[in-house]
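Visitor: I would like to go through this chain and ask what stands behind each label. Please set the values against the definitions.

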Amino acid sequence: MMKPKPDRWKILKTYDSKKNEVKKVEFNGRTYIVKKFHEEFIHGLKVEERVLRGCAERDIPVPGIVDVEKNMLILEYIPGEDCKLLFDTKKDERKKMISSIAAWLGDFHQAF
């Protein structure tokens with residue numbers, strides 16, 4: 001698989017973020033999430049990389065790391081609906097969503 005190159009990807013969407021630039025991009029027909037960390041938050045890149053790799057080693061579902069650049073994490077894109085949007089629009093399924101999120105958080109905290 002060819003690594004996504006910033007000068008050759010197409011930006012599909014830009015997400016709101018206070019600490020980073022987060023974009024959904026396309027490269028060679030595949031979709032990725034790119035998190036570019038601002039200089040004052042660069043430590044967060046190392047922390048996030050360590051947590052994502054640790055989750056993957058423990059079979060906790062998280063996006064896979066495709067590549068790490070000096071100030072960017074390039075992650076696999078996981079299609080689906082936004083959790084907040086689902087929570088706001090599917091009120092009859094809130095208890096199930098809360099249970100699923102709580103189970104994931106329990107697995108995460110137990111692993112770390």
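Guide: Helices (H or I, at least four residues) and strands (E, at least two) are DSSP runs, numbered from the N terminus. On that basis the protein chain has three helices and five strands, in the order β-β-β-α-β-β-α-α from the N terminus. This is a predicted model, in which local features need pLDDT of at least 70, side-chain atom pairs count only at pLDDT 80 or more, and totals for chains, interfaces and linings use all residues. Residues are numbered from 1 along each chain as its sequence is written, and side-chain values use heavy atoms, with hydrogens and water left out.

Visitor: What makes the strands a sheet, and which strands are its edges?

Guide: Two strands pair if DSSP finds at least two bridges between them. β2 (residues 20-27) and β3 have eight bridges, β1 and β2 have five, β3 and β5 have five, and β4 and β5 have three. Each of these counts meets the cut-off of at least two bridges, so the strands count as paired. The result is an open sheet of five strands in the order β1-β2-β3-β5-β4, with antiparallel pairing. β1 (10-15) and β4 are the edge strands, since each pairs on one side only.

Visitor: Which residues stand opposite one another in β2 and β3, and what is the partner of V34 in β5?

Guide: K23 faces V34 of β3, and V34 has I74 as its bridge partner in β5. I74 in turn stands opposite D67. At the other edge, Y15 stands opposite V22 in β2.

Visitor: How many residues lie between the strands of each hairpin?

Guide: Four residues lie between β1 and β2, and three join β4 to β5.

Visitor: Why is N71 called buried or exposed?

Guide: Buried means under 20% relative accessible area, exposed over 50%, and partly exposed in between (1.4 Å probe, protein chains only). N71 has 16% relative accessibility, so N71 counts as buried. This residue is found in the loop between β4 and β5. Contact means heavy atoms within 4.5 Å, and, leaving aside neighbours within four places in sequence, N71 is in contact with K35, K36, F37, I42 and L45.

Visitor: What makes β5 largely enclosed by the rest of the structure?

Guide: Four of the five residues of β5 are buried, so the strand is largely enclosed. For the protein chain of 112 residues, 25% count as buried.

Visitor: Which residues make up the largest nonpolar core, and what earns it that name?

Guide: A nonpolar core is a set of buried Ala, Val, Leu, Ile, Met, Phe, Trp, Tyr and Cys residues joined through side-chain atoms within 4.5 Å. The largest one has 11 residues: V22, I33, F37, L45, L52, C55, I60, V62, L73, L75 and F108. β3 (30-37), α1 (42-57) and β5 (72-76) each supply at least two of its residues, and α1 gives the most, with three. Apart from this core lies another of seven residues, including W9, F27, M72 and I74. In soluble globular proteins, nonpolar side chains tend to be buried together.

Visitor: What do the buried residues of α1 pack against?

Guide: The buried residues of α1 are L45, E49, L52, G54 and C55. They pack against β3, β4 (65-68), β5 and α3 (94-111). Not counting residues up to four places away in sequence, L52 touches V62, P63, I65, L73 and L75.

Visitor: How do you know that the span of α1 is close to what is expected?

Guide: The expected span is 1.5 Å times one less than the number of residues. α1 has 16 residues, for which 22 Å is expected, and its first and last C-alpha are 23 Å apart. Just after α1, D59 takes a positive phi of about 60°.

Visitor: Why is the pair of W104 and F108 called stacked?

Guide: Rings of Phe, Tyr and Trp (its six-membered ring) pair if their centres lie within 6.5 Å; planes under 30 degrees apart count as stacked, over 60 as edge-to-face and the rest as tilted. W104 and F108 are 5.3 Å apart centre to centre, with 15° between the planes, so they meet both cut-offs and are stacked. The structure holds one aromatic pair. Both residues lie in helix α3, four residues apart, about one turn of the helix. An α-helix has 3.6 residues a turn, so residues three or four places apart point the same way.

Visitor: Are W104 and F108 buried or partly exposed?

Guide: W104 has a relative accessible area of 31%, so W104 is partly exposed. F108, at 18% relative accessibility, counts as buried.
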